[in-house]
Amino acid sequence: MSVRATILGAGVAGLTVASEIVARGGRVEIIDRAGPPGPHGCSWWAGGMLAPWCEAESAEEPVLRLGQEAIGWWERHAGGVTRAGTLVLALSRDGGELERFARRTSGHERLDAPGIAALEPDLSGRFRRALFYPGEGHLAPRAALDALRARLEAAGVEIRRGTAPDPATTLIDCRGLAARDALPDLRGVKGEMLVLRCPDVSLSRPVRLLHPRIPLYIVPRGDGVYMLGATSIESAERGRITARSMLELLSAAYALHPAFGEAEILEIGVDARPAFPDNLPRLRRRGDTLFVNGLYRHGFLLSPAMARMAADHLFHTETRPEMMDEDLPQR
Amino acid sequence: MRTFYGETLESRLMLGTAQYPSPAIMAEAFRASGAGVATVSLRREAGGPGGLAGQDFWALVEGMGTRILPNTAGCHTVKEAVTTAHMAREMFGTPWVKLEVIGHTDTLQPDVFALVEAAEILTAEGFRVFPYTTEDLVVAERLLAAGCEVLMPWGAPIGSGLGLSNLPGLRALRAQFPEVPMVIDAGIGLPSHAAQAMEMGYDAVLLNTAVAKAGDPAAMARAMALAVEAGRAAFAADPMEPRDMAAPSTPLIGRAFLA
């Protein structure tokens, strides 16, 4: 069958769904009230960790399973994925946190001090134990969004600024938190992050520093640039970092390596992640509109699986994918 | 019977609402435990002007139907705590407030001096104050003089999961103020800790991390509820006094057993 869809929202959800539909021979148009991806959207500020095994520490089972589609999908559709695994560390007084993390996750190896030094020489001598997740990867979210956009444009898909869809098409609503006007169970979970330049430290892979109250991750962006994230606060507030959050993020980075104390702060990012009450994403069908939303802190990790399911549903309307939570409509 | 500002609670377990993997799992934990009170923090969630940025989450908490005890977690001064209490009263329509004034950012020890001061102000304004304090007897006396009718001594530092780290101190506090309802707040890591607090005659237990950070929060919440119930039943049953030697239940005839 032929599929014609209008996608509302040019964030990670909208662009992955568009790419998946186009790859299967469908036709799409993308509309975003702010135009192409940029600082107005929450995916712009994402960490870009493709880390289903680590996320399983606190997320439910579908995140681990569906997240494993992410690395391959991004390699096929955007490129730019680094497969170098994830390193998980804790300061010596938080050693219990490392044990708990190890118990609740799979897909890891235990490293001792020489093992850590072999992977990340700049952390040599600073930590005695770590967990290494070799199957994980990371990407630079802005580059990945740009790559999707470029490939879509090459296939003749424009991102149009506006809000009015063509009524003759199926509407796929990927507006993130803005769709709260239609999805009352969607809420915002505030995240704050920093981008630092710190040429004195060289890291090759995402590093997570566990802490009972202030867990931190650092994702290398190349050329001595690092993304430092992220807070998680039950608040829909966007666009305002608090001094306390910045203090906590920077203190944690400083504890990981004191050279971060001399880093240059390049950017401060704040946005609210769209989340449903179970923090799992949903496909939700209402009439001719299909909502793809609730990616929470797993935008780049879970959007490939959600895009696949959305496309499965559009191309074969009898299929009801696992993450779909409302009954199919009369057509 | 001791009540909490005239209210009797269905369950003597009070649960916090922070740090769960998701609001859905939090709601499961509350259902599984039948907790009588849900504490909620506002300070960090409220956001900028207006202070309503956290309301979606607060609505989920209110939707659970559990009695709400707003707290002033994250406040370090009297002024912050009083402002947060005002916001809480407006938001949740309750005069109840768990008053927490933190002295140290790393140890999270309560600043008992600021606590007494804030308790005086809030009580005068009609709040029903649940002060998070230490087991110190003099501080307890000052809090009662400030108008508090409930005390919430810690078991151990917040989030430590160490259990009741000063048993003689907590026994002395319980004995010193037999008429005052008291809740052990913070430091509970295991159901055995919660049961122990109840066996000592404390009226309720408040905990958060031990449930929220468990691998299965709902199962742990249920375990805590059972422990609280068991501990309370044991206290009500007037437990035996321990002794240093065996007490044979049949007399030892023909032996110089007292030798």
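In the predicted model, Arg197(A) and Glu264(A) form a salt bridge in which the closest N and O atoms are 3.1 Å apart. This pair connects distant parts of the chain, since Arg197(A) belongs to strand 10 (residues 187-197) of chain A and Glu264(A) to strand 14 (residues 264-275) of chain A, with the two positions 67 residues apart in the numbering. Arg197(A) has a relative accessibility of 35% and counts as partly exposed. Glu264(A), with a relative accessible area of 41%, is partly exposed.

A salt bridge is also found between the side chains of Arg284(A) and Asp325(A), at 2.7 Å from N to O. Here too distant parts of the chain are linked: Arg284(A) is in strand 15 (residues 282-286) of chain A, Asp325(A) is in the segment after helix 9 of chain A, and they are 41 residues apart. Arg284(A) is buried, because its relative accessible area of 5% falls under the 20% limit. Asp325(A) is partly exposed, at 30% relative accessibility. Elsewhere, salt bridges with shared partners join Glu20(A), Arg24(A), Glu69(A), Arg308(A) and Asp312(A) into one network.

The segment after helix 9 (299-315) of chain A also contains Glu322(A). Glu322(A) forms a salt bridge with Arg65(A), and the closest N and O atoms of this pair are 2.7 Å apart. Arg65(A) is located in helix 3 (residues 61-67) of chain A, so that the pair links distant parts of the chain, 257 residues apart. Both partners are partly exposed: Arg65(A) has a relative accessible area of 36%, and Glu322(A) has a relative accessibility of 44%. Over all chains, the structure holds 37 salt bridges.

Strand 15, which carries Arg284(A), is part of an open sheet in chain A. This sheet is formed by six strands in the order 8-2-1-9-16-15, and their pairing is mixed. Strand 8 (159-161) and strand 15 of chain A are the edge strands, each of them pairing on one side only. From one strand to the next, the twist averages 25°. Within the sheet, strand 9 (residues 170-173) and strand 16 (residues 289-293) of chain A pair in the parallel sense, over three bridges. Asp173(A) stands opposite Phe291(A), a residue of strand 16 of chain A. In general, the strands of a sheet pair through backbone hydrogen bonds, in either a parallel or an antiparallel manner.

The contact between the chains was examined next. Chain A and chain B bury about 1,700 Å² between them, and 50% of this area is on carbon and sulfur atoms. In chain A, Arg213(A), Glu234(A) and Pro277(A) lose the most area to chain B, and together they account for 27% of what that side buries. The contact takes 23 residues from chain A and 22 residues from chain B.

One salt bridge is counted between chain A and chain B. A salt bridge joins Asp56(B) to Arg180(A), with the closest N and O atoms 2.6 Å apart. Between chain A and chain B, four residue pairs are in polar contact. On the side of chain A that touches chain B, at least two residues each are supplied by helix 5 (95-104), strand 10 and helix 8 (243-256) of chain A. Helix 8 of chain A gives the most to this side, with three residues. Strand 10 of chain A thus appears in two settings: it holds Arg197(A), paired with Glu264(A), and it supplies residues to the side that touches chain B.

Notes. Residues numbered from 1 in each chain as written. Chains lettered and ligands numbered in written order. Predicted model: local features only at pLDDT ≥ 70, side-chain atom pairs only at ≥ 80, totals over all residues. Heavy atoms only, no water. Salt bridge = Lys/Arg side-chain N within 4 Å of Asp/Glu carboxyl O. Helix = DSSP H or I, 4+ residues; strand = E, 2+ residues; numbered from the N terminus. Buried < 20%, exposed > 50% of the residue type's maximum accessible area, 1.4 Å probe, protein only. Pairing = 2+ DSSP bridges. Axes fitted to C-alpha atoms, helices over the stretch in contact; angles between N-to-C directions. Contact = heavy atoms within 4.5 Å. Buried area = accessible area lost by both parts, 1.4 Å probe. Polar contact = N/O pair within 3.5 Å; in protein donor to acceptor, adjacent residues only side chain to side chain.
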